[in-house]
Amino acid sequence: MPVETAPPMYKMLIEEMEKAENGHENYDFDYYIIISRVYKLVNSEIDKELGEDEGRSKRSKKINIDAPQYDYFHYEDEVLESNAMHYGYFDFTNKNLETDARRVFNDYGIDPQLSVLLLDKKSLANASAEMAEKFPPY
């Protein structure tokens with residue numbers, strides 16, 4: 001789905017939860033858990049096997065990823081993560097492909113991981129407003 005659809009969906013969720021709260025229904029949530037995906041950028045195993053000299057001669061510039069770097073599957077997850085109380089990345093139990101198999105047009109491989117975000121009501125409202133500003137509708 002286009003990223004522009006995320007802000008209205010989160011806004012509707014917040015509004016519906018407020019209506020349920022005001023109607024004294026049993027939907028009074030203080031926290032929200034959002035589960036998504038991220039991609040961990042990892043050094044290529046092929047370049048390691050070729051060695052430093054051969055790898056540099058084939059490529060104009062070599063990217064060395066020492067500290068973990070992540071790329072978001074959904075653009076709105078970056079905004080949600082910046083407003084989250086806590087977040088974490090977890091490895092999947094079953095891995096189907098090697099990280100180099102996903103190395104299309106890049107000097108690094110990607111390793112899909114699970115992203116879990118914990119937000120309270122206020123943080124989710126702030127994230128929704130920030131997403132509406134950052135990703136306006138067409």
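This passage walks through the overall layout of a predicted model and then looks at a few of its side-chain pairings and surfaces.

Starting with the big picture, the protein has 138 residues, and 34% of them count as buried. Its secondary structure comes to five helices and four strands. Read from the N terminus, these elements follow the order α-β-α-α-β-α-β-β-α. Contacts across the sequence are worth a look too: among those with a separation of 6 or more, 81% involve residues 24 or more positions apart. As for the outside, the accessible surface adds up to about 9,800 Å², with 51% of that belonging to carbon and sulfur atoms.

Next come the aromatic rings. A search through the whole structure turns up three aromatic pairs. One of them joins Tyr70 and Tyr89, whose ring centres are 4.1 Å apart; the planes meet at 35°, so this pair counts as tilted. That angle falls in the tilted class because planes under 30 degrees apart would be stacked and those over 60 would be edge-to-face. Tyr70 and Tyr89 also tie together distant parts of the chain, since Tyr70 belongs to strand β2 (residues 69–72) and Tyr89 to strand β3 (residues 86–91), with their positions 19 residues apart in the numbering. Tyr89 has another partner in Tyr87, and that pair is tilted as well, at 5.8 Å centre to centre and 50° between the planes. Put together, Tyr70, Tyr87 and Tyr89 make up one aromatic cluster. How open are its members to the outside? Tyr70 has a relative accessible area of 27%, so it is partly exposed. Tyr87 is partly exposed too, with a value of 47%; the partly exposed range runs between 20% and 50%, so both numbers fit inside it.

Another ring takes part in a contact with a charge. Here the charged end of Arg37 sits over the ring of Phe73, at 3.7 Å from the ring centre.

Then there is the matter of opposite charges. The whole structure yields one salt bridge, and its partners are the side chains of Glu21 and Lys121, which meet at 2.5 Å, N to O. This bridge spans distant parts of the chain: Glu21 is in helix α1 (residues 6–22) and Lys121 is in helix α5 (residues 121–134), 100 residues apart. Both ends are partly exposed, Glu21 with a relative accessible area of 32% and Lys121 with 29%. Leaving aside residues up to four places away in sequence, Glu21 touches Asp28 as well as Lys121.

Helix α1 also contributes to a feature on the surface. Met1, Met9 and Met12 make a nonpolar surface patch of about 380 Å². Met12, one of these three, has its place in helix α1, and its relative accessible area of 47% makes it partly exposed.

Helix α4 tells another story. Which of its residues are tucked away? The buried ones in α4 are Glu76, Asp77, Val79, Leu80, Glu81 and Asn83. The helix covers residues 76–83, and because six of its eight residues are buried, the rest of the structure largely encloses it. Charged residue types are part of that list, with Glu76, Asp77 and Glu81 among the buried residues of α4.

How values were computed
Residues are numbered from 1 along each chain as its sequence is written. This is a predicted model: local features need pLDDT of at least 70, side-chain atom pairs count only at pLDDT 80 or more; totals for chains, interfaces and linings use all residues. Side-chain values use heavy atoms; hydrogens and water are left out. Rings of Phe, Tyr and Trp (its six-membered ring) pair if their centres lie within 6.5 Å; planes under 30 degrees apart count as stacked, over 60 as edge-to-face and the rest as tilted. Helices (H or I, at least four residues) and strands (E, at least two) are DSSP runs, numbered from the N terminus. Buried means under 20% relative accessible area, exposed over 50%, partly exposed in between (1.4 Å probe, protein chains only). A charge sits over a ring if NZ of Lys or CZ of Arg is within 6 Å of the ring centre and within 35 degrees of the ring normal. A salt bridge is a side-chain nitrogen of Lys or Arg within 4 Å of a carboxyl oxygen of Asp or Glu. Contact means heavy atoms within 4.5 Å. Accessible areas come from the Shrake-Rupley method with a 1.4 Å probe; for residues, only the protein chains shown count as cover. Patches are made of residues with over 30% relative accessible area and no salt bridge: like charges are joined within 9 Å, nonpolar side chains (Val, Leu, Ile, Met, Phe, Trp, Tyr) within 5 Å.
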